[in-house]
Amino acid sequence: MVDRRFRLLRNILSLALLLGLTLPSLAQSDGGSGFFGRGLEQFFGKGEPSDPKTYASPSASELLPDASDVGVPQMQSLKALSPIALPERANGRDTGALDLPSIPAYAPQLKLDPKAIRPKSELVLEAKLSEAGGPVPHGLVWRLFSAMSPLDGRSSLIATSSEPQPHFDVPPGQYIVHATFGRAGVVKRIDFTGEETREIVVLGAGGLKLDATVSEDGANAPASHVTFDVYAETERDSDRELIASGVAPGQILRLNAGLYHIVSSYGSVNARTEADVKVEPGKLSHAVLKHRAAQQTLKLVREKGGEAIADTAWTVTSMSGDVLRKSAGAYASMVLAEGEYVAVARNRDTTYQRVFKVTGGKDADVEVLMSDLVETTSGD
């Protein structure tokens, strides 16, 4: 009886062992769905049978027993730091206070050079027209050059300014200042020590205002017809340097003090007058030049007071035959100096001529009559 029971138990254990080895292999070959699951999927048409895969043995963590089952306490994270007991002094003796070097209450003060902490000084410039005059309020142009000649021999420009009193932040050294006031200018050498320096530049300049008259009673010439040319006075006229040209009446020129030669033109033919004018520093000189000229309007007419005939060619000559002006049209208008002239009019191959006189300050109309016939030609 016992043998039968023993054989039955052995068979059961053998069957259990056989099933334990076979079932994992079936689960692995199913791709995770199991034997019965695979059959259902094929039955309902959900998917295809999976291909057999390589068998993987259980991991080591799966073979380990649960810690609670074998009596091992579970590890927990540290929630608070426990105080650590410090070692006691050796033999209970006090080591005493530390012997440290003395430290001053404040750091020693450094003795700085006053020049090192003093603000950097600037070169300040100021201009006057004369020694006794006041500062020039506007109209100045400053140029500051280095006095050290570079390799090319030309002074290098450092700074420019149009302020009445410029402040130049430059290092100590030697400089050349060029100040201009209109057409007046001066050059000065400055030795800048680096301390605050105010240099006063005396321009020695003045102003010149020009006007022109055309009659004995002092009537002004038409401003649109008058211009002035200003030359520097020299010993020889051929050496005169042109300072300003085309100056209009009433315009003020800023010039260096000195003597100047003025040429005034009234019109564009031959009405000219000249004068020498002196410009004084710090003063405005007013020069009025008197012209002895007048504006003349020429026209060719059939009778006195008649209408001007168009398509007329005009030539005006001096009494000596010098051609002064040529023009074309019904009218010929020009400014001529006082004197006598010859007006020649040519119309349709016919030439007419008349001598007329110009009186200064008296504008006039000059009529050339067709009776003033010179000659008639049939050719050119």
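Begin the tour at the largest pocket of this predicted model, which has a volume of about 170 Å³. To display its lining, select Leu129, Val136, Pro137, His138, Phe181, Gly206, Gly207, Ile252, Arg254, Gly282, Lys283 and Leu284. Colouring this selection by class gives six nonpolar, four polar and two charged residues. Next, show the backbone of strand 8 (205–213) and strand 11 (252–256), since each supplies at least two residues of the lining of the largest pocket.

The second stop is a single acidic side chain. Select glutamate 199, which is found in strand 7 (residues 197–202). Is this residue buried or exposed? Its relative accessible area is 19%, and buried means under 20%, so glutamate 199 counts as buried. To see its surroundings, add Leu123, Val124, Leu125, Glu126, Lys188 and Ile190 to the view; glutamate 199 touches each of these residues, leaving aside residues up to four places away in sequence.

Now proceed to a sheet. Select strand 15 (residues 293–301), together with strand 18 (331–337) and strand 21 (364–369). These three strands form an open sheet in the order 18-15-21, with mixed pairing. Strands 18 and 21 are the edge strands, and each pairs on one side only. Viewed with direction ignored, neighbouring strands of this sheet are turned by 30 degrees against each other on average.

Within this sheet, focus on strand 15 and strand 21. In which sense do they pair? The pairing is parallel and extends over six bridges. In general, the strands of a sheet pair through backbone hydrogen bonds, in either a parallel or an antiparallel manner. For one position along this pairing, select lysine 299, which stands opposite glutamate 367 in strand 21.

From strand 15, follow the chain into the loop that leads to strand 16 (313–318), where aspartate 311 is located. Aspartate 311 has a positive phi of about 55 degrees, although it is not a glycine. Its relative accessibility is 70%, and this residue therefore counts as exposed.

The final stop is another loop, between strand 19 (339–347) and strand 20 (350–358), in which arginine 348 is found. What is the phi of arginine 348? It is positive, at about 50 degrees, although arginine 348 is not a glycine. With a relative accessibility of 77%, arginine 348 counts as exposed, because the term applies over 50%.

Terms used: Residues numbered from 1 in each chain as written. Predicted model: local features only at pLDDT ≥ 70, side-chain atom pairs only at ≥ 80, totals over all residues. Heavy atoms only, no water. Pairing = 2+ DSSP bridges. Helix = DSSP H or I, 4+ residues; strand = E, 2+ residues; numbered from the N terminus. Axes fitted to C-alpha atoms, helices over the stretch in contact; angles between N-to-C directions. Buried < 20%, exposed > 50% of the residue type's maximum accessible area, 1.4 Å probe, protein only. 1 Å grid on protein atoms, 1.4 Å probe; cavity = no way out; pocket = protein on both sides within 12 Å on 5 of 7 lines; lining within 4 Å. Points joined across faces, edges and corners; volume = space filled by probe spheres on them. Nonpolar A, V, L, I, M, F, W, Y, C, P; charged D, E, K, R; others polar. Contact = heavy atoms within 4.5 Å.
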